Amino acid sequence: MFHNINKMLLLGILVIAVFMGGVNLLSAAGEKHLIVIDPAHGGKDTGVKIKDKVYEKDITLAIALALQKELVKEGNIQVILTRDSDIELSPEERKKILEKIKPGFFLSLHINSGFGKKASGFELYYPGFKGDMEAKKKDKDSASQARNKHLNEAVRMAHFIQRNLDTLFPRKGRGIREADLPIMDGLLIPALVVEMSFASNTEDKKKLLSPKAQVEIAKALSKGIKSFFR
Ligand SMILES: [Zn+2]
């Protein structure tokens with residue numbers, strides 16, 4: 001779930017500082033597509049419970065690490081993770097990472113829950129710019145053009161990812177929707193939230209807990225991202 005508010009942790013800032021150092025060096029080379037992948041939640045912010053002692057934060061991290069492994073095989077894609085261990089990051093800290101790195105894309109990984117036990121499959125959310133309507137009216141210039149461009153890119157990425165997740169969760173795609181993603185406010189970066197199936201559904205839960213299925217989900221996401229950058 002991506003509506004929870006995270007808390008601050010100093011360790012997170014240290015990790016970000018380390019990331020920044022590496023990124024500046026690498027982006028100076030300038031040839032790779034840069035994507036920030038966000039294993040949502042972390043630390044005391046557990047996200048939804050999957051089973052005893054296993055939480056959303058653990059599964060999003062496992063899949064993000066597997067996804068990073070898949071993507072770097074491509075050679076022209078550089079992956080930055082917002083976290084690569086069980087640390088807590090506030091939305092502000094995540095936003096700072098994005099502001100500093102300005103990646104070509106931001107992908108946040110979550111796990112869904114609720115809507116009854118029958119709800120299953122995956123959902124994709126791209127940030128809407130409803131809050132920016134005033135700004136939209138004022139400028140018909142470069143800023144709103146940039147917003148539209150990033151919106152289109154998010155939707156394009158969503159379609160590629162949907163196509164590949166469809167093979168893992170046949171007929172279980174719950175659609176591509178617009179949502180409020182506060183951390184994206186004011187950032188001109190194409191972004192997408194993937195809710196990778198439901199912890200509250202027995203079949204989905206089995207998949208989420210299986211290391212083999214976690215890698216399959218990562219591979220499906222990776223195929224979508226590779227198609228996007230091609
Ligand atoms: Zn979540």
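## Aromatic pairs, cores and helices

Ring pairs join Phe 105, Phe 228 and Phe 229 into a cluster. Rings of Phe, Tyr and Trp (its six-membered ring) pair if their centres lie within 6.5 Å; planes under 30 degrees apart count as stacked, over 60 as edge-to-face and the rest as tilted. This is a predicted model, in which local features need pLDDT of at least 70, side-chain atom pairs count only at pLDDT 80 or more, and totals for chains, interfaces and linings use all residues. Residues are numbered from 1 along each chain as its sequence is written, and side-chain values use heavy atoms, with hydrogens and water left out.

**Aromatic pairs.** The whole structure holds 4 aromatic pairs. In one of them, the ring centres of Phe 115 and Phe 198 are 6.2 Å apart and the planes stand at 80°, so this pair is edge-to-face. The two rings come from distant parts of the chain, 83 residues apart. Phe 115 is in the loop between strand S5 (105-112) and strand S6 (123-127), while Phe 198 is in strand S8 (residues 191-198). Helices (H or I, at least four residues) and strands (E, at least two) are DSSP runs, numbered from the N terminus.

Phe 115 is exposed, with a relative accessible area of 63%. Phe 198 is buried at 0%. Buried means under 20% relative accessible area, exposed over 50%, and partly exposed in between (1.4 Å probe, protein chains only).

The rings of Phe 122 and Phe 169 have centres 6.1 Å apart and planes at 55°, so that pair is tilted. It also links distant parts of the chain: Phe 122 is in the loop between S5 and S6, and Phe 169 is in the loop between helix H5 (142-168) and strand S7 (176-179), 47 residues away. Both Phe 122 and Phe 169 are buried.

Phe 115 has a charged partner too. The charged end of Arg 174 sits over the Phe 115 ring, 5.7 Å from its centre. For this, NZ of Lys or CZ of Arg must be within 6 Å of the ring centre and within 35 degrees of the ring normal.

**Nonpolar cores.** The largest nonpolar core has 42 residues. A core is a set of buried Ala, Val, Leu, Ile, Met, Phe, Trp, Tyr and Cys residues joined through side-chain atoms within 4.5 Å. The residues with the most contacts inside the largest core are Ile 35, Ile 37, Leu 107, Leu 109, Leu 165, Leu 221 and Ile 225. Strand S1 (33-39), H2, strand S4 (77-81), S5, S6, H5, S8 and helix H7 (211-229) each supply at least two of its residues. H5 gives the most, with 8 residues.

Contact means heavy atoms within 4.5 Å. Leaving aside neighbours within four places in sequence, Ile 225 is in contact with Ile 35, Leu 67, Leu 71, Ile 77, Leu 107, Met 157 and Ile 161. A second, separate core of 16 residues includes Ile 80, Ile 101, Met 184 and Ile 189.

Ala 220 lies in helix H7. With residues up to four places away in sequence not counted, Ala 220 touches Asn 164, Leu 165 and Leu 168. The C-alpha atoms of Ala 220 and Leu 168 are 7.7 Å apart in space, at a separation of 52 residues in sequence.

**Helices H2 and H3.** At 1.5 Å a residue, the 17 residues of helix H2 (residues 56-72) should span 24 Å, and the end C-alpha atoms are 24 Å apart, which agrees. The expected span is 1.5 Å times one less than the number of residues. Buried residues of H2 include Ile 59, Leu 61, Ile 63 and Leu 67, and also Glu 56, Lys 57 and Glu 70. In helix H3 (residues 91-101), buried residues include Glu 93, Arg 94 and Lys 95, along with Ile 97 and Leu 98. Just after H3, Lys 102 takes a positive phi of about 45°.

**Buried sites.** The table gathers four of them.

| Residue | Place | Relative accessible area |
|---|---|---|
| His 41 | loop between S1 and strand S2 (49-51) | 3% |
| His 110 | strand S5 | 6% |
| Ser 197 | strand S8 | 0% |
| Ala 220 | helix H7 | 7% |

The side chains of His 110 and His 41 make a polar contact at 3.4 Å. A polar contact is a pair of N or O atoms within 3.5 Å; within protein, one must be able to donate a hydrogen and the other to accept it, and residues adjacent in sequence count only if both atoms are side-chain atoms.

Most residues other than glycine have a negative phi. His 41 has a positive phi, near 65°. Ser 197 has a positive phi as well, near 75°.
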